[in-house]
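Me: I am a first-year student and would like a close look at a single part of this protein. Please keep the explanation plain.

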Amino acid sequence: MFRVAIIGCGGIAQVHAAVLNNLPETELIACADIRPERAGAMAEKYGCRAYASMDALLDAETPDAVHLCTPHYLHAPMAKAAADRGIAVFSEKPPVISREQWALLEDAAAKVPFGVCFQNRYNPNVEEAKRLIREGVYGRLLGGRAFVTWKREIPYYRDSGWRGAWATEGGGVLINQSIHTLDLLVQLFGAPDRAETHMVNHHLKGAIEVEDTVEAYLILGGCPVLFYATTAYTTDAPVMIELHLEKAVLRLESDALEIRTGDGTERRTFEVEAALGKGYWGTGHPACIADFYASVAEKRPFRNNLASVKDTADLMLTMYEQGRAGL
Ligand SMILES: NC(=O)c1ccc[n+]([C@@H]2O[C@H](COP(=O)([O-])OP(=O)(O)OC[C@H]3O[C@@H](n4cnc5c(N)ncnc54)[C@H](O)[C@@H]3O)[C@@H](O)[C@H]2O)c1
């Protein structure tokens, strides 16, 4: 049994707590938040102990692992602090907000099991698309495009205390809402060769420092990939990823996979559990978290280990270096 603590008891932490509570291999023993009412509510719901900071928790408890559900800028330093005490780390995305932070994660991951919550890698339609590409069923990949068009308004930023600022969120729609899609593109196409990125703040000028929209021309695994993400839309539309292969076009949208060939269109749907949190967070957290603990128990590399997120993190930071100047 893995004894686990959650650091940061806000929105996504509720999903982590529910998953840890359901998994037979894990026990949620403690949680921490600088807002005592949040840690208190989680502790009451799951019968664990509440603390006002990660340090206070780690001084009093000896968890096997911590889940970092804190604001972006805290992931890498908290991972290092936990790893220094020999505690495994499962971190929410993004892994880092700067190149300087990467060294902290390398240090942490050298000491303890470390994983990042890119849960969409576990989506059945993504795994099926990867299989079709790997087995060459429809020939070689030629190119792709991806759209993330969501809605975020001023209260989303104002009420959090950390979103919308370079120092604490590290960026906007790219590092937060669409990093999952960028990561899936890297998983599907392969390593980044080149990026040309533009960023703009269309609808929240003066309200947030960071971009609400990013567009990029990427070369991934030798293929051109067009990437567009915005939080200036009027609703949270399903994310769309399209893969152009020699003999088919594959389209991933919500939980489905559409395969368009000269013979027509086949739509494959997959059984997925109901989302534990907001629909646009997807359904992958249970599979991703369960696999993290299985990998630790079996002493095998975790699919979302540090090495596996390096290309995505590096590409994201490159895109900020290119696009931030335009804001
Ligand atoms: N994987 C996903 O699909 C997904 C979805 C949503 C959020 N996230 C990620 O989860 C993280 C948290 O996002 P959220 O939406 O839950 O944010 P949130 O603001 O709702 O929660 C963050 C919590 O961390 C607490 N906190 C801040 N500083 C702290 C500190 N020093 N010590 C302890 N607690 C502290 C805050 O009080 C807050 O309760 C972010 O990195 C975000 O990108 C991932």
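What do the buried residues of H4 pack against?

Reply: The model is predicted, and what follows is read from its coordinates. The buried residues of H4 pack against strand S1 (2–7), helix H3 (54–60), strand S4 (65–68), strand S5 (88–91), H5 and S6.

Start with the helix. H4 covers residues 75–84, and its buried residues are His 75, Ala 76, Met 78, Ala 79, Ala 82 and Ala 83. Looking down the axis of H4, these buried residues fall within an arc of 165°, so they line one face of the helix. Just after H4 comes Gly 86, which takes a positive phi of about 80°.

Next, take H5, one of the partners of H4. The buried residues in H5 are Gln 101, Leu 105 and Ala 108. Down the axis of H5, they fall within an arc of 60°, so they too line one face of their helix. Arg 99, Glu 100, Ala 103 and Ala 110 are exposed on the other side of H5. The cover over the buried residues of H5 includes H4, S5, S6 and helix H10 (306–323).

Now place these elements in the domains. The domain assignment gives domain 1 as 2–116 and domain 2 as 120–279 + 306–326. The centres of the two domains, taken over C-alpha atoms, are separated by 26 Å. Their contact takes 21 residues from domain 1 and 14 residues from domain 2. On the side of domain 1 that touches domain 2, the elements giving two or more residues are helix H1 (11–22), helix H5 (99–111) and strand S6 (114–116). The residues on that side divide into 15 nonpolar, three polar and three charged.

The interior can be described in a similar way. In soluble globular proteins, nonpolar side chains tend to be buried together. Here the largest nonpolar core has 97 residues, and those touching the most other members are Ile 6, Cys 31, Ala 79, Val 89, Leu 185 and Met 316. H10 gives the largest share of this core, eight residues. Both domain 1 and domain 2 give residues to the core, so it lies between them. Ala 79 ties this back to the helix you asked about: it is one of the buried residues of H4 and also one of the core members just named.

Ile 6 is another of those members. Leaving aside neighbours within four places in sequence, Ile 6 is in contact with Ala 13, His 16, Ala 17, Leu 28, Cys 31, Met 42, His 67 and Cys 69. Cys 31 appears among these contacts and among the core members with the most touches.

Finally, there is the ligand. Of the 26 residues around the ligand, Gly 8, Gly 10, Gly 11, Ile 12 and Glu 92 come nearest. The largest share of this shell, three residues, comes from H1. By class, the shell has 12 nonpolar, nine polar and five charged residues. H1 therefore has two roles in this description, since it is listed on the side of domain 1 that touches domain 2 and it also contributes to the shell around the ligand.

Conventions:
Residues are numbered from 1 along each chain as its sequence is written. This is a predicted model: local features need pLDDT of at least 70, side-chain atom pairs count only at pLDDT 80 or more; totals for chains, interfaces and linings use all residues. Domain bounds come from an automatic or database domain assignment. Two residues are in contact if their C-beta atoms, placed from the backbone, lie within 7 Å. Helices (H or I, at least four residues) and strands (E, at least two) are DSSP runs, numbered from the N terminus. Ala, Val, Leu, Ile, Met, Phe, Trp, Tyr, Cys and Pro count as nonpolar, Asp, Glu, Lys and Arg as charged, and the others, Gly among them, as polar. A residue is near a molecule or strand if its C-beta atom, placed from the backbone, lies within 6 Å of it. A residue is buried if 20 or more other C-beta atoms lie within 10 Å of its own, exposed if 12 or fewer, and partly exposed in between; C-beta atoms are placed from the backbone. The arc is that of the directions from the helix axis to the C-beta atoms. A nonpolar core is a set of buried Ala, Val, Leu, Ile, Met, Phe, Trp, Tyr and Cys residues joined through C-beta atoms within 7 Å.
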